[in-house]
Amino acid sequence: MQRSLVGSEMCIRDSIYTLLQLDTKTGMIEQVQWSLDSENEGSVTINNDDLNYGFGHGSGSFELYPTKNMYQFILLDKTSGRKWHVQWGMKTKERWIRRIY
């Protein structure tokens, strides 16, 4: 899937080597790992679903809010008020997103 970087933002937390890239139109999230050693760089998907179901309201609809836990965020759809609990991690089972009702 090819995505435009227009409408993306990088979320920085306490981890010095990991950032989250949020598509502010769709709510899609990538975990980006950077390093001075290119073998340790890359990205993995946390959420590959278009949370606007293809009816995007424009860039800026979604925003990540940090929690006191450096691995967890709240994703907010600012147009509808819907919320998701997001966690990043180094292992696949540690990365997830789930809707808050």
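Buried means under 20% relative accessible area, exposed over 50%, and partly exposed covers what lies in between. Keep that scale handy for the exercises below. The model is a predicted one.

**Exercise 1. Find out how far the prediction can be trusted along the chain.**

Start with the whole chain: its mean pLDDT is 87, and 87% of the residues reach 70 or more. Next, go element by element. Strand β1 (residues 8-12) has the lowest mean pLDDT, 71, while β8 has the highest, 98. As a reading habit, coordinates should not be read in detail where pLDDT is low.

**Exercise 2. Work out the strand order of the open sheet that contains β8, and name its edges.**

First, the order: the four strands run β5-β6-β7-β8 across the sheet, with antiparallel pairing. Second, the edges: β5 (62-66) and β8 (96-100) each pair on one side only. Third, the twist, which averages 25° from one strand to the next.

Now zoom in on one pairing. β5 and β6 (residues 72-77) are joined by five bridges in the antiparallel sense. To get the register, take Tyr 65: its bridge partner in β6 is Ile 74.

**Exercise 3. Locate the salt bridges and say how buried each partner is.**

There are two to find. Opposite charges on side chains can pair when the charged atoms come close.

Step one: Glu 63 and Lys 78 meet at 3.1 Å, N to O. Glu 63 sits in strand β5 and Lys 78 in the loop between β6 and β7 (83-87), so this pair links distant parts of the chain, 15 residues apart. On the accessibility scale, Glu 63 comes out partly exposed at 24%, and Lys 78 is partly exposed at 45%.

Step two: Asp 77 and Arg 82 meet at 2.7 Å, N to O. Here Asp 77 is buried, with a relative accessible area of 1%. Arg 82 has 15% relative accessibility, which also counts as buried.

**Exercise 4. Which aromatic pair ties β5 to β7, and what is its geometry?**

The structure has three aromatic pairs by the ring-distance rule. A pair of rings is described by the distance of the centres and the angle of the planes.

The one we want is Phe 62 with Trp 84: 6.0 Å centre to centre and 50° between the planes, a tilted arrangement. Phe 62 lies in strand β5 and Trp 84 in strand β7, so the contact ties together parts 22 residues apart in sequence. Check the burial: Phe 62 is buried at 1%, and Trp 84 is buried at 5%.

Trp 84 has another neighbour to note. Arg 99 lies over the face of its ring, 5.5 Å from the ring centre.

**Exercise 5. Classify the pair formed by Tyr 71 and Trp 88, then compare the partners' accessibility.**

Begin with the geometry. The ring centres are 4.7 Å apart and the planes stand at 45°. The cut-offs are under 30 degrees for stacked and over 60 for edge-to-face, with the rest tilted, so this pair is tilted.

Then place the partners: Tyr 71 is in the loop between β5 and β6, and Trp 88 is in the loop between β7 and β8, 17 residues apart. Finally, the accessibility. Tyr 71 has 38%, so it counts as partly exposed, whereas Trp 88 has 5% and counts as buried.

**Exercise 6. Describe the surroundings of β3: is this strand enclosed or open?**

Count the buried residues first. Five of the five residues of β3 (residues 29-33) are buried, so the strand is largely enclosed by the rest of the structure. Split them by direction: Ile 29, Gln 31 and Gln 33 point one way, Glu 30 and Val 32 the other, and all are buried.

Next, look at the pairing partners. Strand β2 (residues 18-23) runs antiparallel to β3 and is joined to it by five bridges. In that pairing, Thr 18 has Gln 33 as its bridge partner in β3. The two strands make a hairpin with five residues between them, and Gly 27 in the turn has a positive phi of about 85°.

β3 also pairs with strand β4 (residues 42-47), in the antiparallel sense and over five bridges. There, Ile 29 stands opposite Asn 47 in β4.

Terms used
Residues are numbered from 1 along each chain as its sequence is written. This is a predicted model: local features need pLDDT of at least 70, side-chain atom pairs count only at pLDDT 80 or more; totals for chains, interfaces and linings use all residues. Side-chain values use heavy atoms; hydrogens and water are left out. Two strands pair if DSSP finds at least two bridges between them. Axes are lines fitted to C-alpha atoms, for helices over the stretch in contact, and angles run from 0 to 180 degrees between N-to-C directions. pLDDT is the predictor's confidence in each residue, from 0 to 100. A salt bridge is a side-chain nitrogen of Lys or Arg within 4 Å of a carboxyl oxygen of Asp or Glu. Buried means under 20% relative accessible area, exposed over 50%, partly exposed in between (1.4 Å probe, protein chains only). Rings of Phe, Tyr and Trp (its six-membered ring) pair if their centres lie within 6.5 Å; planes under 30 degrees apart count as stacked, over 60 as edge-to-face and the rest as tilted. A charge sits over a ring if NZ of Lys or CZ of Arg is within 6 Å of the ring centre and within 35 degrees of the ring normal.
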